[in-house]
Amino acid sequence: MKRIEAGSYYSYLPEGCKLCRRGAKLVLFITGMCRNSCFYCPISRERFGKDVIFANEREFKSFDDFIAEVELMSAEGVAITGGEPLLKLERVLEFTKLSNRLGLHIHLYTSIPAKEEVLKKLKVDEIRFHPPELKNPELYEDSIKFAKKIGIEAGFEIPAIKFEPKIVEIANRNDAFLNLNQLEASETNWSKLGDRGFKIEDYYVNCPEIVKKFEKANKFHYCSARFKDRAQFRRRLIRMAMNHPDFYLVTRDGTLLCCRIEGELDKAKKLLKNSGFDFSVFEDCIETSVELAENEKLREALISEGCKVYLVERYPTVKRTLIEVSRV
Ligand code: SF4
């Protein structure tokens with residue numbers, strides 16, 4: 001087994017996971033609809049059961065939003081997830097067509113044992129089957145066989161809730177991969193996990209005895225929850241941050257440091273231009289270099305024109321979520 005960051009390890013890493021590890025994979029939430037009700041389902045109340053689409057954190061309204069998100073993070077791959085993506089097959093096909101045109105690697109998660117005709121239509125590089133609550137994994141064997149026959153990399157992706165030997169047997173018999181995810185607690189599954197006796201520590205559930213048993217899979221990968229946070233999310237942020245104009249300072253965590261101006265934006269634009277400052281204009285503010293905080297004359301001029309100036313740290317995502325704000 002090869003050990004990687006934050007407790008993750010593998011004997012085999014599918015291409016989709018390699019991209020994920022580099023922070024190069026865009027998560028396409030294709031719908032919040034799903035016919036299952038897995039007790040560990042981590043999907044938020046805002047999304048579960050609703051027919052909404054998100055490209056990472058960006059709400060999808062048109063394909064331009066998807067392309068903008070691909071560009072923002074310089075994506076190399078897309079993970080199609082939900083909800084249950086195959087409940088919206090036509091929509092999935094539109095996205096796979098576009099993603100293939102953009103040269104993105106595509107992997108898709110599903111809890112449906114997809115039939116031959118669906119697998120043929122999908123045009124994905126990789127498919128990951130999730131038997132809800134790990135029940136009836138034998139239903140997925142034909143789908144795995146057929147996917148592999150037509151050149152789709154196939155396997156299981158399951159949470160570490162219990163050991164299910166049939167999953168290992170089917171994976172090994174078909175030379176399929178087995179991705180095992182550490183259970184993550186969220187506001188929606190917290191009490192259900194507690195009721196079933198799972199011990200939650202710091203939003204994670206540790207089940208090393210379960211993980212150990214699944215290692216019998218020939219193509220095995222254990223993905224820890226901390227890995228998702230520390231490695232893949234952070235690297236995605238760094239990719240996004242580096243695509244911002246040079247005046248932003250990028251932290252080791254992939255967040256951005258800048259000065260934020262609110263208030264009289266037209267007057268602020270004029271003053272910044274005259275002083276040779278680069279800036280970005282948004283609906284609610286202007287962002288510019290942290291050097292503005294040191295420039296007393298310009299700062300005072302902005303304030304006397306009715307502007308408020310802040311030093312901020314924010315995420316480089318489309319929502320520009322603020323992490324720290326201080327008035328200067
Ligand atoms: S199949 Fe997936 S989306 Fe549906 S309830 Fe289970 S975990 Fe949630």
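Angles between helix axes under 35 degrees count as roughly parallel, over 145 as roughly antiparallel, 65 to 115 as roughly perpendicular, and the rest as oblique. In the predicted model described here, helix α2, spanning residues 63-72, packs with helix α3, spanning residues 89-101, at an angle of about 45°. The two helices α2 and α3 are therefore oblique to each other. Their axes lie 12 Å apart, and the crossing of α2 and α3 is right-handed. On the α2 side, the contact is formed by Phe-63, Phe-66 and Ile-67. Helix α3 contributes Glu-94, Phe-95, Leu-98 and Ser-99. Sorted by class, the residues in this contact of α2 with α3 are five nonpolar, one polar and one charged.

A second set of residues surrounds the ligand. This shell includes Cys-34, Cys-38 and Cys-41, together with Asn-36, Ile-43 and Phe-48. Gly-83, Ser-111 and His-130 are also found around the ligand. The shell consists of five nonpolar and four polar residues, with no charged residues.

Helix α5 covers residues 141-149. Within α5, the residues Glu-141, Ser-143, Ile-144, Phe-146 and Ala-147 are buried. The buried residues of α5 pack against two helices, α4 (116-122) and α6 (165-173), and against the strands β8 (126-129) and β9 (153-159). Just after α5, the backbone at Gly-151 adopts a positive phi of about 90°.

Conventions. Residues numbered from 1 in each chain as written. Predicted model: local features only at pLDDT ≥ 70, side-chain atom pairs only at ≥ 80, totals over all residues. Heavy atoms only, no water. Axes fitted to C-alpha atoms, helices over the stretch in contact; angles between N-to-C directions. Helix = DSSP H or I, 4+ residues; strand = E, 2+ residues; numbered from the N terminus. Left-handed = near helix turned anticlockwise from the far one by under 90°. Contact = heavy atoms within 4.5 Å. Nonpolar A, V, L, I, M, F, W, Y, C, P; charged D, E, K, R; others polar. Near = heavy atom within 4 Å. Buried < 20%, exposed > 50% of the residue type's maximum accessible area, 1.4 Å probe, protein only.
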